[in-house]
Amino acid sequence: MRIFKKAKAMNKKNIGILLPMLATSLFTQAQGNIRQPNVLLIYADDLGYGDLSCYGAQKVSTPNVDTLAANGLRFTNAHSVASTSTPSRYALLTCEYPWRKRGTDVAAGNAGMIISPEQYTVADMFKEAGYTTAAFGKWHLGLGSESGKQDWNKPLPVGLADIGFDYSYIMAATGDRVPCVFIENGHVANYDASAPIYVSYQKNFEGEPTGKENPELLYNLKHSHGHNMSIVNGIGRIGYMKGGGKALWKDENIADSITAHAIKFLKEKRHTPFFIYFATNDVHVPRFPHERFRGKTGMGHRGDAIAQFDWCVGELIKTLKELDLFENTLIILTSDNGPVIDDGYDDKAEELLGEHDPMGNLRGGKYSCFEAGTRVTFIVHWPAKIKKAKERKALVSQIDFLDVMATVTGRGNEKNLSPDGQNNQASAWFGKDKNGREILFQMASNHNISLRTKKWKYIPPCKGAPMITWGPKIETGYAAEPQLYHDKGEKYNKASQKPKIVERLQKIIENIRTTPTNSKQ
Ligand code: NG6
Ligand code: CA
């Protein structure tokens, strides 16, 4: 079985790989100004298939994203690997399915690093190819060597630098989880020595107010379910923290802050090829956009957070254009999972939704086995390569990110570099192949793995209630019977009419659960 370890990428065997890379890079240098393309991944959080105007949204306008779609490829059947954040992000960065790794469920803010330093990541791959690499915004993949043992007042011993990122300015977990501070290259940014930081997911710190006991202190947002532990910026969170002082973030400034840091990085690193992982907090809860976006959509904070997301995209585009890098920058815009309307705060997202359909006519949503859980917006913009705007129905999965990106850096003809990705998908991602994958896998929050082919969607039988029981009003897709759908809306279960197909697809799922895709290369 192949083992995808970072060390392996550097051993002698791989000189065979590195030499052609060197040749490619010499070749590109010899061409004058032509250099390897920059790559900007814009990774939204909980953005629905129907949340962008280029995907049919009417009540919110996303002109900057729409420009990318209008000059690039807009995919209609592209998927994240899971319907929640941590497993999706794990899969995107390592291109290993999350069910192969313990601890990839929605992570606490004090989780230790989930991707181990020995693992090979997309950032490692870019670094090997001579790129400068950076991550901004939501992380949610753990930090430090051991869960719950971090000393947030000192540099964290293990972090993004160990998995290929030269620079990072990130939130440890989510907006709704403590610690509510940015971490820059493993240190708390704007660290305030007068307010040392303590974090616990077990118990509160003496004398600290909580959303549960002190609801009068929730001056910015009240919770609708959960989120009643520590209060930061007048908003209740998951987990307890003490201290932080001037390092504590203000939710209304998060989008500005990550955008400003990314722009600074772009300006400084303009002369080398770069890979930027730009992971927004929008449109995850707590949604609390800057006041200049408030009231823009009439849909309250959720809609306004979409407008804010679009603004971030616009600022990045503007900067790339100013630096004359827009032509040769590959931009991929997508989301970690599908949408949820009320995810635990009373932000009036349900009341003000009106005709807007975040799910874009798909069934289910975040957390779910149904399509809205993982079918996400996916736009590929690369002026140097993609000359004509197109809609693409190809089946595309984020599990192929690393291997497809390897082809972008000139490593196209090698074996796949990740446990589960396929480099032969590059032609679909860049518009040449109209079909994409034959099969892709979608993991729900209960770990049930569904499968999609061009024709069928198969959801294996599993335990669990048909609706989420703890807050969000979302159909889970969990059922004791197998489900086989041909229709986009997943309404008509054909499983009992097509037992042979069910049997075949069930076997494929059992196989992918235990056997990495590239283990037999
Ligand atoms: C849930 C949170 C939800 C969100 C989610 C993770 C509660 C009641 N709900 O447990 O608000 O944080 O986890 O979302 O705590 S994700 O997009 O990062 O996966
Ligand atoms: Ca998410």
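Colleague: Let's start with Arg437. Which residues does Arg437 touch, not counting residues up to four places away in sequence?

Modeller: Bear in mind that this is a predicted model. Arg437 lies in the loop between α9 and β16. Leaving out residues up to four places away in sequence, Arg437 touches Tyr97, Leu395, Ser397, Ile399, Asp400, Asp420, Gln422 and Gln425.

Colleague: And is Arg437 buried or exposed?

Modeller: The cut-off for being buried is under 20% relative accessible area. Arg437 has 5% relative accessibility, so the residue counts as buried.

Colleague: On to helix α4. How many of its residues are buried?

Modeller: The buried ones include Ser85, Pro87, Arg89, Tyr90 and Leu93. Among the elements that cover them are β1, α5, β3 (132-138), β11 (274-279), α8 and β16. That leaves α4 mostly covered, and the count of buried residues is 10 of 10.

Colleague: What comes right after α4, and near what value is its phi?

Modeller: The residue that follows α4 is Cys95. Its phi is positive, and the value is near 55°.

Colleague: Arg89 sits in that helix. Which residue's side chain meets Arg89 in a salt bridge?

Modeller: The side chains of Arg89 and Asp336 come to 3.0 Å, N to O. This pair ties together distant parts of the chain, 247 residues apart, with Arg89 in helix α4 and its partner in the loop between β12 and β13. Arg89 is itself buried, because its relative accessible area is 0%. The partner you asked for is Asp336.

Colleague: Why does Asp336 count as buried?

Modeller: A residue needs to be under 20% relative accessible area to qualify. Asp336 counts as buried because its relative accessibility is 0%.

Colleague: Asp336 turns up at the calcium ion (ligand 2) too, right? What are the protein donors there?

Modeller: The donor atoms lie 2.2 to 2.7 Å from the ion. In sequence the donor residues follow the spacing D-D-x289-D-N. Asp336 is listed twice, each time through OD, and the full set is Asp45 (OD), Asp46 (OD), Asp336 (OD), Asp336 (OD) and Asn337 (OD1).

Colleague: What are the angles among the donor atoms of that calcium ion, and how is the site classed?

Modeller: The ion has 6 donor atoms. To count as octahedral, six donors would need opposite ones over 155 degrees apart and all others between 65 and 115. Here the angles are 51 to 174°, and the site is classed as irregular.

Colleague: Now the C-terminal part. In what order do the strands of the open sheet run, starting from β16?

Modeller: There are 4 strands, with antiparallel pairing. β16 (439-443) and β19 (483-485) are the edge strands, each pairing on one side only. Neighbouring strands are turned by 20° against each other on average, direction ignored. The order is β16-β17-β18-β19.

Colleague: Which helix lies across those four strands?

Modeller: The helix covers residues 499-514 and runs at about 120° to β17. It lies across β16, β17, β18 and β19, and its name is α10.

Colleague: Inside the sheet, which residue in β18 does Arg452 stand opposite?

Modeller: Strands β17 (residues 449-453) and β18 (residues 457-459) run antiparallel and are joined by 2 bridges. The β18 residue facing Arg452 is Lys457.

Colleague: What is the closest N and O distance in the salt bridge between Lys457 and Glu490?

Modeller: Lys457 counts as buried because it has 0% relative accessibility. Glu490 counts as buried because its relative accessibility is 0% too. The closest N and O atoms of their salt bridge are apart by 2.9 Å.

Colleague: Which residues belong to the salt-bridge network that includes Lys457?

Modeller: One member, Glu371, lies in the loop between β12 and β13, and it counts as buried because its relative accessibility is 0%. Leaving aside neighbours within four places in sequence, the contacts of Glu371 include Arg452, Lys457 and Glu490. The linked residues are Glu371, Arg375, Arg452, Lys457 and Glu490.

Colleague: Last one: how many salt bridges does the structure hold?

Modeller: Another of them joins the side chains of Glu128 and Arg411 at 3.0 Å, N to O. That pair also links distant parts of the chain, 283 residues apart, from helix α5 to the loop between α8 and α9. In the whole structure, the number of salt bridges is 27.

Methods. Residues are numbered from 1 along each chain as its sequence is written. Chains are lettered from A and ligands numbered from 1 in the order in which they are written. This is a predicted model: local features need pLDDT of at least 70, side-chain atom pairs count only at pLDDT 80 or more; totals for chains, interfaces and linings use all residues. Side-chain values use heavy atoms; hydrogens and water are left out. Two strands pair if DSSP finds at least two bridges between them. Axes are lines fitted to C-alpha atoms, for helices over the stretch in contact, and angles run from 0 to 180 degrees between N-to-C directions. Contact means heavy atoms within 4.5 Å. Donors are N, O and S atoms within 2.8 Å of the metal (3.2 Å for Na, K and Ca); water is not among the atoms, so sites may look incomplete. Four donors count as tetrahedral if all angles lie between 85 and 135 degrees; four count as square planar and six as octahedral if opposite donors are over 155 degrees apart and all others between 65 and 115; anything else is irregular. A salt bridge is a side-chain nitrogen of Lys or Arg within 4 Å of a carboxyl oxygen of Asp or Glu. Buried means under 20% relative accessible area, exposed over 50%, partly exposed in between (1.4 Å probe, protein chains only).
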